[in-house]
Amino acid sequence: MEIDPKNQQKFYNILKAVIIPRPIAFISSKSPAGEVNLAPFSFFNGVCYDPPTISVSIARFSGAKEKDSLLNIEQTGEFVVNMVNRDIAEAMNLTALDYPKDVNEFTVAGLTEAACERISPPRVLESPVSLECRLKQVVEINKGSPKECGLVIAEVVYCHIADQLFDGRYVDMKALDLIGRLGGHSYCHVDSLFDMKLGSITKDK
Ligand SMILES: Cc1cc2nc3c(=O)[nH]c(=O)nc-3n(C[C@H](O)[C@H](O)[C@H](O)COP(=O)(O)O)c2cc1C
């Protein structure tokens, strides 16, 4: 079948089902007034190695109002990307509802705020890895359309990783136990890994 996205109703459902698995940036941020916010975003990836740089795309509007995460990031220039393992998947899911700005989703989800080193918003203590980020730029995608997105590009300025997951050189990716976002309501669990040496056709056990 051939598909022209312009002629396909809800092509985004196809997009979300084929660009998989997507890592989840569980973003904690703070408003200039000090209100703490927490929400997940899966249009997320690394975009540059050095200095370490990530991107996350946040739809500008949810219903009538701008998403709190994007507002906070634009107004303060700071946020934390907390990675999501299987243990905190359900808690993450609870934070994705559209709560009023003054609701702290840490409380809704039963998660614990921990202080960051370089920035003001709290990180998620229960997360195995937290990346403290400083905003570099917001690229407007589809400006003026009702589906406008802000592509947030930010530098990772500090990293928290659980001691048992890092030996000083390698991250134990299996023990990290992260989940990924698929299409619809589906997720995957990164618990089946295989290795291939660069350019080799041999699969390591
Ligand atoms: C797993 C998951 C991934 C999501 N990814 C995105 C995304 O990439 N971009 C986006 O705009 N919304 C995404 N959402 C929806 C936001 O989390 C949701 O709109 C949330 O209410 C935003 O909260 P905020 O207003 O506190 O920022 C996702 C939701 C879930 C559950």
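This is a short tour of a predicted model, with a selection to make at each stop.

**Stop 1: the ligand**

Start by selecting the ligand and showing its surroundings. Its shell holds 18 residues, and those that come nearest are N37, P40, A59, K67 and S69. Colour that shell by residue class and you should find 9 nonpolar, 4 polar and 5 charged residues. If you turn on a pocket display as well, the space taken by the ligand is the largest pocket.

Now switch to a cartoon view to see which elements supply the shell. Strand β2 (36–41), strand β4 (53–59) and helix α2 (68–76) each give at least two residues. Which of the elements gives the most to the shell around the ligand? That is β2, with 4 residues.

**Stop 2: the ligand's oxygen atoms**

Stay with the ligand and draw distances from its oxygen atoms. Pick S69 to begin with: an N or O atom in its side chain is 2.6 Å from a ligand oxygen. Next pick A59, where a backbone N or O atom lies 2.8 Å from an oxygen atom of the ligand. Then go to A96, which has a polar backbone atom 2.9 Å from a ligand oxygen. For a surface view of the same site, note that the ligand taken alone exposes 650 Å², and that the protein buries 88% of this area.

**Stop 3: N104 and E113**

Select N104, in the loop between α3 (89–94) and α4 (105–109). Is N104 buried or exposed? Its relative accessibility is 18%, so it counts as buried, the cut-off being under 20%. Add E113 to the selection and show both side chains: a polar contact of 2.7 Å joins them.

**Stop 4: two cis peptide bonds**

Select I20 and P21 together and look along the backbone. The peptide bond between them is cis, with omega about -15°. P21 belongs to the loop between α1 (11–18) and β1 (25–30).

Move on to D50 and P51, which are also joined by a cis peptide bond; here omega is about 0°. You will find P51 in the loop between β3 (44–48) and β4.

**Stop 5: two positive phi angles**

Jump to N142, in the loop between β10 and β11 (149–161). N142 is not a glycine, yet its phi is positive, near 55°.

Then select D177, which sits in the loop between α5 (173–176) and β12 (179–181). D177 is another residue to check for its backbone: phi is about 60°, a positive value although the residue is not a glycine.

**Stop 6: two long spans**

Select S130, in strand β10 (residues 129–141). With a relative accessible area of 1%, S130 is buried. Add M196 and draw a line between the two C-alpha atoms: they are separated by 28 Å, with the residues 66 positions apart along the chain.

For the last selection, take L94 in helix α3. How does its accessibility class come out? L94 is partly exposed, because its relative accessible area is 41%, and that class runs between the 20% and 50% cut-offs. Now add D195, 101 residues away from L94 along the chain; the C-alpha atoms of this pair are 34 Å apart.

How values were computed: Residues are numbered from 1 along each chain as its sequence is written. This is a predicted model: local features need pLDDT of at least 70, side-chain atom pairs count only at pLDDT 80 or more; totals for chains, interfaces and linings use all residues. Side-chain values use heavy atoms; hydrogens and water are left out. A residue is near a molecule or strand if one of its heavy atoms lies within 4 Å of it. A polar contact is a pair of N or O atoms within 3.5 Å; within protein, one must be able to donate a hydrogen and the other to accept it, and residues adjacent in sequence count only if both atoms are side-chain atoms. Accessible areas come from the Shrake-Rupley method with a 1.4 Å probe; for residues, only the protein chains shown count as cover. On a 1 Å grid over the protein atoms alone, a cavity is a set of points where a 1.4 Å probe fits but cannot get out, and a pocket is an open set with protein on both sides within 12 Å along at least five of seven lines; lining residues have an atom within 4 Å of a point. A molecule sits in a cavity or pocket if more than half of its atoms lie within 2 Å of its grid points. Ala, Val, Leu, Ile, Met, Phe, Trp, Tyr, Cys and Pro count as nonpolar, Asp, Glu, Lys and Arg as charged, and the others, Gly among them, as polar. Buried means under 20% relative accessible area, exposed over 50%, partly exposed in between (1.4 Å probe, protein chains only).
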